[in-house]
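User: Could you take a close look at one helix in this model for me, and at what surrounds it? I'd like a connected walk-through rather than a list.

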Amino acid sequence: MSEKPVAGTVPDEKEAAALEAAFDAHVAANGKVEPRDWMPEAYRKTLIRQISQHAHSEVIGMQPEGNWITRAPSLRRKAVLLAKVQDEAGHGLYLYAAAETLGVSRDEMEDALIEGRAKYSSIFNYPTLTWADIGAIGWLVDSAAIVNQLALCRCSYGPYARAMIRICKEESFHQRQGFEIMMALCNGSGEQKRMAQDAMDRWWWPVVMMFGPPDANSPNSAQSMKWRIKHKSNDELRQAFIDQTVPQAEKLGLAIPDPDLKWNEARGHYDIGEIDWEEFFNVVRGNGQCNEQRIERRRAARDEGLWVCDAALAYGEKQRARKRREAA
């Protein structure tokens, strides 16, 4: 790819068409796009929307699990959960840094989130009512995230793809942690097994919805596939998650809350019942159980932490001033 400013203008329509044709050919051949390469403005905006939404999901996703750090049933469980929440903060950092290479600042992205102009994954607007919910998040939510993010490791935008490689490695540990919690509960007392089943009943359908609406109703999927931002459609990713998770649920002895779930020999996949997309879109519109709480806590964290940012900036300026004096 040619090194031209991301937001640079082109002299005329003919050159613009040539640049776009070269860009399309490059990504069609699975070439990587780097920050200083020329790219269509629509490609840049699509990446900013997707990467920032992904980063917001990691940061907001710390809340439902962080809520259980002090209430985990053992010191080991506390330490593991604390490490996981810390990982999620790191994932958000990687992704915000990747988005910044596209010319948007972290402050702009955070403002968009808090003001409701940017979205995050709908799954994080559901409450964690019991310890089993932490297991369900690790097992189901992180499994779904891995299915989606493994495909993003081949994203056409280099910084995003490279961030996803490290994130996926860490997410695999999170998934195992969640499955191990569910296994312990399912092999425990009757009350513990019922707790695990209750978590499965509440989390299954919201997780299935995580992949987004059906391909026919997803306004951005086709273009993202053409640009190789995505390599698999929403429905393909959802099917992959279901096919790998059903045997895991059987291993745990948990019933999936879908009476229509069955193996389709002809397709070689599981069929599922109808998804309640009205619930999904209601949550996306901000009317979920925890939408307001999640954003309010994010706003409070930003406002209450401003003094730390101000102090760091002041310290940095003080150090720079000292170096200037010493050099004079």
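Analyst:

**Helix α10 and its surroundings**

Let's start with the bend: α10 has a kink of about 25 degrees at Thr 245, shortly before the proline Pro 247. Bear in mind that this is a predicted model. The helix runs over residues 234–252, 19 residues in total, and from first C-alpha to last it reaches 27 Å, close to the 27 Å expected at 1.5 Å a residue. Just past the end of α10 comes Gly 253, with a positive phi of about 80 degrees.

Now for the buried side of things. Thr 245, where the kink lies, is itself one of the buried residues of α10. The buried set also includes Asn 234, Arg 238, Gln 239 and Asp 243, along with Leu 237, Phe 241, Ile 242, Val 246, Ala 249 and Leu 252. As for what they pack against, the helical partners are α6 (131–152), α7 (158–186), α8 (190–209), α9 (221–226) and α11 (277–287), and there is a strand as well, β2 (269–271).

That leads on to the core. The largest nonpolar core has 51 residues, and Phe 241 is among those touching the most other members, together with Trp 139, Leu 140, Met 200, Trp 203, Trp 204 and Leu 254. At least two residues of this core come from each of α4 (75–100), α6, α7, α8, α10 and α11. The largest share, eleven residues, is supplied by α6.

Met 200 is a handy place to see α10 meet its surroundings. Leaving out residues up to four places away in sequence, Met 200 touches Ala 249, then Leu 254, Ala 255, Ile 256 and Pro 257, plus Trp 139 and Leu 140. Of these, Ala 249 is a buried residue of α10. A second core, separate from this one, has 30 residues, including Leu 95, Ala 99, Met 164 and Ile 229.

Finally, look at the loop leading into α10. The model has eleven aromatic pairs, one of them between Tyr 43 and Trp 227, edge-to-face at 5.5 Å centre to centre with 90 degrees between the planes. Trp 227 sits in the loop between α9 and α10 and Tyr 43 in helix α2 (residues 41–60), so the pair ties together parts 184 residues apart in sequence. Both partners are buried: Tyr 43 has a relative accessible area of 0%, and Trp 227 comes in at 6%. The two rings also belong to one aromatic cluster with Phe 23 and Trp 38.

Note on methods. Residues are numbered from 1 along each chain as its sequence is written. This is a predicted model: local features need pLDDT of at least 70, side-chain atom pairs count only at pLDDT 80 or more; totals for chains, interfaces and linings use all residues. Side-chain values use heavy atoms; hydrogens and water are left out. Helices (H or I, at least four residues) and strands (E, at least two) are DSSP runs, numbered from the N terminus. The expected span of a helix is 1.5 Å times one less than its number of residues. The bend at a residue is the angle between axes fitted to the seven residues ending there and the seven starting there. Buried means under 20% relative accessible area, exposed over 50%, partly exposed in between (1.4 Å probe, protein chains only). Contact means heavy atoms within 4.5 Å. A nonpolar core is a set of buried Ala, Val, Leu, Ile, Met, Phe, Trp, Tyr and Cys residues joined through side-chain atoms within 4.5 Å. Rings of Phe, Tyr and Trp (its six-membered ring) pair if their centres lie within 6.5 Å; planes under 30 degrees apart count as stacked, over 60 as edge-to-face and the rest as tilted.
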